[in-house]
Amino acid sequence: MISVAEARSRVLAALSPLPAELVGLTEALGRVTAEDVTARLTQPPVSMSAMDGYAVRCADVAQIPAKLRRIGEAPAGNAFRGHVGPGEAVRIFTGAPMPDGADAVVMQEDTESDGATVTVLRSVGRHRHVRLAGIDFRQGQVGIPAGRMLTARDIGLAAAMNWPWLRVRRRPRVAILATGDEIVLPGEALGPGQIVSSNAFALAGLITACGGVPVNLGVALDTPESLARLVAGAERADILVTSGGASAGEYDLVRAVLGDRGMDLDFYKIAMRPGKPLMFGRLGDVPVLGLPGNPVSSQVCAILFLRPALRRLLGLPAEEGSRRTAVLGRPVKQNDQREDYLRASLSIGPDGELVANPFESQDSSLLTVLARADCLVVRPPFAPAASAGDTVEFLPLGGGVLSL
């Protein structure tokens, strides 16, 4: 068996970011930028008023009250063409360009006007209530770096920078193949000894959430013919993910069939719990990640290996720094040679500290426990017993107090 860290390193080393493609802004949410997005213009292009009021020279209103001659008006979108000289003011509205000669804006609430003159009742400093040219961004400035998964806020910024389309990484196509005679789809009639398939659906959800495109190949029976027929559907995938093996032994049939088709096996079995029987190799140009058939083991392995693999294909960091710390809410026993991932909930302790509470049952078949978990508490190999209040590392799963 190899360590989790070595296995993840070998998976990531075998992958490269996918090519780029152009998409319109309306299709860019959740996509990953393949290059820096730089401003095509300066925003704002000129200095503008941030308030409704009067454009003035701050030197003229240093002593108040100050009576100024009103020489014109500057509505939004229509600049005043003259020059503001000593003792003069221009009626201005939010978003209007600052007149030449003016260097501040007095809010209309701080003035009195009889039409021809305006009396300023509160002094203002230079550039008060003025949005200076380029205060948001300047032409050529990087607004969105390469390798960023775009949010709605990013898309708004790209639009303001005058980009109607963006160059992003192509979404990874991930072929999913479940195996086992005992598997039936949700809603189908269950025969003796059969179970409802959940892995493919959970994997599809994770792939979608990570920015990939799941391609469900179906469920292969425990025969070489069935497995080989469905594997053929993965030829155009960026990665093939299998779930489960044959009844004769975990992954025995999968490895044999894929081996007959030319798969180059990198490793099989890692020192972790849950999820020891994990396989990685390459079938032609397609990387193959073989996950355990146990539902919890499958999902935990997907979080630890498939998620960083997808991030690698999208040109994102592999989340090496995503581990956080909390204090234990209950004691845990000494660990053995396998790295352990305990399903746990998170809460806020009486002193405001983050508390990880491992569930009492850690059986790898309990999907209800995994669904309720907020995190995976990481127990290194041979970690000594830990008491409530001890500090531990965890991998966040989302939800709970982390979503507040």
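Here are some numbered notes on the structure above, which is a predicted model.

1. Let's start with an open sheet. Six strands build it, in the order E7-E4-E6-E5-E9-E8, and their pairing is mixed. At the edges sit strand E7 (104-107) and strand E8 (111-113), each of which pairs on one side only. From one strand to the next, the twist averages 40 degrees.

2. For a closer look at one pair in this sheet, find strand E5 (residues 66-74) and strand E6 (residues 88-92). They pair in the parallel sense, over 5 bridges. A handy place to see this is Ala-74, which stands opposite Ile-92 in E6. As background, strands of a sheet pair through backbone hydrogen bonds, either parallel or antiparallel.

3. Next, strand E21 (286-291) is worth your time. How many of the residues of E21 are buried? The count is 6 of the 6, so E21 is largely enclosed by the rest of the structure. You can check this face by face: Val-286, Val-288 and Gly-290 are buried on one side, and Pro-287, Leu-289 and Leu-291 are buried on the other.

4. E21 also shows you both senses of pairing. With E17 it runs parallel, and 4 bridges join the two; here Ser-243 has Leu-291 of E21 as its bridge partner. With strand E20 (residues 279-283), E21 pairs in the antiparallel sense over 5 bridges, and Met-279 stands opposite Gly-290. E20 and E21 form a hairpin with 2 residues between them. In that turn, look for Gly-284, which has a positive phi of about 65 degrees.

5. Now for the nonpolar interior. The largest nonpolar core has 38 residues, and the ones with the most contacts inside it are Met-272, Phe-305, Leu-306 and Tyr-341. Several elements give two or more residues to this core, including helix H1 (4-13), helix H3 (199-209), strand E21 and strand E25 (375-379). Which element gives the largest share of this core? That is H6, with 11 residues.

6. Tyr-341 makes a good starting point for exploring. Leaving aside its neighbours within four places in sequence, Tyr-341 is in contact with several residues, among them Val-4, Met-272, Val-300, Leu-304, Leu-376 and Leu-395. The list of its contacts also includes Arg-273, Arg-323 and Gln-362. Apart from the largest core lies another one, of 19 residues, among them Ala-220, Leu-227, Ala-237 and Leu-240.

7. If you go hunting for disulfides, you will find 0 in this structure. Cys-301 is in none, and the nearest cysteine sulfur, that of Cys-210, is 15 Å away. Cys-301 has 0% relative accessibility, so it counts as buried. Cys-375 is in no disulfide either: the nearest cysteine sulfur belongs to Cys-301, 17 Å away. Cys-375 also counts as buried, because its relative accessibility is 0%.

8. Finally, please visit Asp-154 in helix H2 (residues 152-160). Is Asp-154 buried or exposed? Its relative accessible area is 8%; buried means under 20%, so Asp-154 is buried. Its side chain has polar company there: a polar contact of 2.8 Å joins it to the side chain of Arg-148. The side chain of Asp-154 also reaches the backbone nitrogen of Thr-151, at 2.9 Å. Not counting residues up to four places away in sequence, Asp-154 touches Ile-144, Arg-148 and Met-149.

Key. Residues are numbered from 1 along each chain as its sequence is written. This is a predicted model: local features need pLDDT of at least 70, side-chain atom pairs count only at pLDDT 80 or more; totals for chains, interfaces and linings use all residues. Side-chain values use heavy atoms; hydrogens and water are left out. Two strands pair if DSSP finds at least two bridges between them. Axes are lines fitted to C-alpha atoms, for helices over the stretch in contact, and angles run from 0 to 180 degrees between N-to-C directions. A disulfide is a pair of cysteine sulfur atoms within 2.5 Å. Buried means under 20% relative accessible area, exposed over 50%, partly exposed in between (1.4 Å probe, protein chains only). A polar contact is a pair of N or O atoms within 3.5 Å; within protein, one must be able to donate a hydrogen and the other to accept it, and residues adjacent in sequence count only if both atoms are side-chain atoms. Contact means heavy atoms within 4.5 Å. A nonpolar core is a set of buried Ala, Val, Leu, Ile, Met, Phe, Trp, Tyr and Cys residues joined through side-chain atoms within 4.5 Å.
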